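Student: I have a structure open and some terms I don't trust yet. Can we test the labels one by one?

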Amino acid sequence: MASRIEDPLGAFCTHSRPELPGSGAGSLQGRTFAVKDVFHIAGYRTGFGSPEWLETHGPVTETASAVRRLLDAGADMVGKTLTDELAYSLTGENVHYGTPVNPAAPDRVPGGSSNGSASAVAGGAADFALGTDCGGSVRLPASYCGIFGIRPTVDRVPLDGVIPFGPPFDVAGWFARDAGLLEAVGQVLLDETGPPPAPRRLLRGVDAFDAVEPRIAGALERAVARVEDAVGPAVDVSMAEGRLDHWFETFRIVQGASIWSNLGEWITAVRPRLGPGAKMRLDWAAGLDGRTVAAAKADHAAIRRRIEAVLREGDMLAIPTSPRGAPLKNTPVDDIEIRFRNQAMHLLCIAGLGGLPQVSLPMAEIDGLPLGLSLIGPRGADMQLLALARKLTA
């Protein structure tokens, strides 16, 4: 493989640059891919967006299964990409390593925490890239950078060899610039090649559309109409029944408790130098009490039952991926947390709470910025979503 040391996007890790040739044969032969720096590559350290994590963890001995599947399918790995600090952010600004370029809007953030992967794909440094998505870390960067991104069904792509972050929401997702390649990668990672059935019904998530400014909803209406042309007239549904604020808070608590369970012991022992955003969120997660977490977990179970009752086999739910285009770089932390992150999480939490697959399609724009339309399917409908995405953008 030819070396790709130059990195004008600032998307790749500088602490290590593993480049692994593919098998030489397979459905992805001749394609290149990048890997978020939470996936283990044998012989290298995994940085997790933190200098202290890198210093306190040695080289690993096994390569993540998801990476091995792509190599076995013939794709060449061209490097590891930056992530937000401990993957706990949605902006793509890492105080230790910098901010990768958003090729669609260079004065704005690429979105996180799979920021380097999104930047590498949008900027043409890789044909596709692996990321992870717990709260929205594939879907939001896909919308901000104007590319395709998918969060698969929970447990559909193996996570061995991936740093745990926030189970039960963690998934391995991926980005591509065209939907055909997004589907081809899915066939490899999901080990599913047969043609999926066509979707039977399109739902329009009115509570999600009501949660964004009218001009954002209006910018997406033409994209929704294109989906209707392919699937049929949309049926309006209020997924959260007016309780989207509660759904967001439930997700935030269950996620925060899981993150602290995974990272708290290391943070307490090492006391890493955290950036302001990560510190704010981790301090909050550390302060969650058992009664609050138990109540949120009970609410989570009830929310999943509601989702399963509404979103049935053959259904597709259309919602905005993001409440707006990408924010400017160096937006104040308080503004990022309230006006950007929390509002985005009201939309992103739906698929997370249900463990559902969601694909973000670059089918709209606002003020010259990319804006994604998302389609969410029931559990296991990953290939159905990917086939529909290809059909819509062929």
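Tutor: Start with a definition: a disulfide is a pair of cysteine sulfur atoms within 2.5 Å. This is a predicted model, and by that rule the count comes to zero disulfides.

Student: How do you know that cysteine 13 has no bond to its closest cysteine sulfur?

Tutor: Check the distance. The closest cysteine sulfur is in cysteine 145, 16 Å away. The cut-off is 2.5 Å, so that is too far for a bond.

Student: Why is cysteine 13 called buried?

Tutor: Buried means under 20% relative accessible area. Cysteine 13 has 5%, so the label fits. Cysteine 145, with 4%, is buried too.

Student: What makes H10 roughly perpendicular to H11?

Tutor: The axes of helix H10 (residues 290-310) and helix H11 (residues 333-354) cross at roughly 90°. Roughly perpendicular covers 65 to 115 degrees. The crossing angle therefore earns H10 and H11 that name. Their axes come within 9 Å.

Student: Which residues make the contact?

Tutor: H10 gives His300, Ile303, Arg304 and Ile307, while H11 gives Ile350, Leu353 and Gly354. They divide into four nonpolar, two polar and one charged.

Student: Now the sheet. What makes S2 and S7 edge strands?

Tutor: Ten strands form an open sheet, in the order S2-S1-S3-S5-S4-S9-S10-S8-S6-S7. Strand S2 (76-81) and strand S7 (235-237) each pair on one side only.

Student: How do you know that S1 and S3 pair?

Tutor: Pairing needs at least two bridges. Strand S1 (residues 32-36) and strand S3 (residues 128-133) have three, in the parallel sense.

Methods: Residues numbered from 1 in each chain as written. Predicted model: local features only at pLDDT ≥ 70, side-chain atom pairs only at ≥ 80, totals over all residues. Heavy atoms only, no water. Axes fitted to C-alpha atoms, helices over the stretch in contact; angles between N-to-C directions. Helix = DSSP H or I, 4+ residues; strand = E, 2+ residues; numbered from the N terminus. Parallel < 35°, antiparallel > 145°, perpendicular 65-115°, else oblique. Contact = heavy atoms within 4.5 Å. Nonpolar A, V, L, I, M, F, W, Y, C, P; charged D, E, K, R; others polar. Buried < 20%, exposed > 50% of the residue type's maximum accessible area, 1.4 Å probe, protein only.
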